[in-house]
Amino acid sequence: MPDITSTVLDDPVGQSLNGQHAHLARRVGNACTYLSGVATFAAIPAEPSAADWHDLAQLLGSGQFADLFSAPASPPANWEPVFTLAGFQLIYADEPTQVSGDVKVQKLGPNDVPDLLTLTELTRPGPFWPRTIEMGTCHGVRDNGTLVAMAGERLRPPGWSEISTVCTAPQYRGQGLGAAVVRAAVHQIVARGERPFLHVAATNVGAIRLYEQLGFVVRKPVRFHGYLVP
């Protein structure tokens, strides 16, 4: 595996929006977020000032959703909490293994977005919007033309690529399709000289077990959280 510093993973959203995803960003001062339809994640400095929170409020607008993802900072008390969720950040610490020849994994593109939206609506693996595919490549498995499993690339801090939106249609679970699409994503990321990482809810023990079997290890616990802008 390439020897890549992991400190950028402490701010994966900000590092992405100020790097690989700068073309997908909108910003006010030190606050930034993704363009509409791409993602809701927003970023501010690790130790934000009152001015930084004001910038984020100006950027998003009063009454709008501020998705702080895994940022360690909490907003001022007058920002109404919407959700908080305990999770883990995992990094890939193995060497890629071959995708099973019994599973045909294919790269997906813009023409596949309707099917991606249908599958994510069915399985609820996390947010996926009409333009989320612009963040990175998606891999999928089809059965008689129907998309039944997928994994996508999302956040792109320097030297890293996040695997996300891993899901399988309910009637196709237990066949190794989730593992196959994750392995396909790992292969592509490592071939670029980058290193895979991902996030998972702490309660999703089945997914954590799968990722550990595929070579991922926990880097640190995280807190996902979002608020309404006053």
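Just after helix 2, Gly 61 takes a positive phi of about 100°. That glycine is a handy way into this predicted model, whose strands include an open sheet of 8 and another open sheet of 3. The points below start from helix 2 and the sheet it packs on, then move to the 8-stranded sheet, two buried residues and the largest pocket.

**Helix 2 and the 3-stranded sheet**

- Helix 2 spans residues 50–60, and its buried residues are Asp 52, Trp 53, Asp 55, Leu 56, Ala 57, Leu 59 and Leu 60.
- The cover over these buried residues includes strand 1 (25–28), strand 2 (31–34), strand 3 (42–43) and strand 4.
- Strands 1, 2 and 3 form an open sheet in the order 1-2-3, with antiparallel pairing.
- At the edges of this sheet stand strand 1 and strand 3, each of which pairs on one side only.
- Helix 2 packs on this sheet by touching strand 1, strand 2 and strand 3, and its direction makes about 35° with that of strand 2.
- Strand 1 and strand 2 run antiparallel and are joined by 4 bridges.
- Two of the residue pairings here are Arg 26 with Thr 33 in strand 2, and Val 28 with Ala 31 in strand 2.
- The hairpin of strand 1 and strand 2 has 2 residues between the strands, and in this hairpin Gly 29 takes a positive phi near 55°.

**The 8-stranded sheet**

- If you trace this open sheet from one edge to the other, the strand order is 4-11-5-10-9-8-7-6, and the pairing is mixed.
- Strand 4 (65–67) and strand 6 (106–108) each have a single partner strand, so one side of each is left without a neighbour in the sheet.
- From one strand to the next, the twist averages 30°.
- Strand 4 pairs with strand 11 (residues 216–228) in the antiparallel sense over 3 bridges, and within strand 11 it is Tyr 227 that stands opposite Ala 66.
- Helix 5 (residues 205–213) packs on the sheet, where it touches strand 5 (80–92), strand 9 (160–168), strand 10 (195–201) and strand 11; the helix direction makes about 160° with that of strand 10.
- Strand 5 runs antiparallel to strand 11, with 12 bridges joining them, and pairs with strand 10 over 5 bridges, also in the antiparallel sense.
- Gln 89 is a useful residue to find on screen: it stands opposite Lys 220 in strand 11 and opposite His 199 in strand 10.

**Tyr 227, a buried residue in strand 11**

- Tyr 227 lies in strand 11 and counts as buried, because its relative accessibility is 9% and the cut-off for buried is under 20%.
- The C-alpha atoms of Tyr 227 and Glu 80 are separated by 5.3 Å, although these residues are 147 residues apart along the chain.
- Leaving aside residues up to four places away in sequence, Tyr 227 touches Gln 64, Phe 65, Ala 66, Leu 68, Ser 74, Pro 75, Trp 79, Glu 80, Pro 81 and Val 82.
- The side chains of Tyr 227 and His 225 are joined by a polar contact of 2.8 Å.

**Arg 156, a buried residue in a loop**

- Arg 156 lies in the loop between strand 8 (146–153) and strand 9.
- With a relative accessible area of 11%, Arg 156 is buried.
- The side chain of Arg 156 makes a polar contact of 3.2 Å with that of Glu 194.
- Not counting residues up to four places away in sequence, Arg 156 touches Ser 16, Gln 20, His 21, Met 135, Ser 161, Arg 192 and Glu 194.

**The largest pocket**

- The volume of the largest pocket is about 990 Å³.
- Its lining takes in 38 residues, and those nearest the centre of the pocket are Arg 124, Pro 125, Gly 126, Val 166 and Asn 204.
- At least two lining residues come from each of strand 4, strand 5, strand 9, helix 4 (177–191), strand 10 and helix 5.
- Strand 9 gives the most to the lining of this pocket, with 7 residues.

Note on methods. Residues numbered from 1 in each chain as written. Predicted model: local features only at pLDDT ≥ 70, side-chain atom pairs only at ≥ 80, totals over all residues. Heavy atoms only, no water. Pairing = 2+ DSSP bridges. Axes fitted to C-alpha atoms, helices over the stretch in contact; angles between N-to-C directions. Contact = heavy atoms within 4.5 Å. Buried < 20%, exposed > 50% of the residue type's maximum accessible area, 1.4 Å probe, protein only. Polar contact = N/O pair within 3.5 Å; in protein donor to acceptor, adjacent residues only side chain to side chain. 1 Å grid on protein atoms, 1.4 Å probe; cavity = no way out; pocket = protein on both sides within 12 Å on 5 of 7 lines; lining within 4 Å. Points joined across faces, edges and corners; volume = space filled by probe spheres on them.
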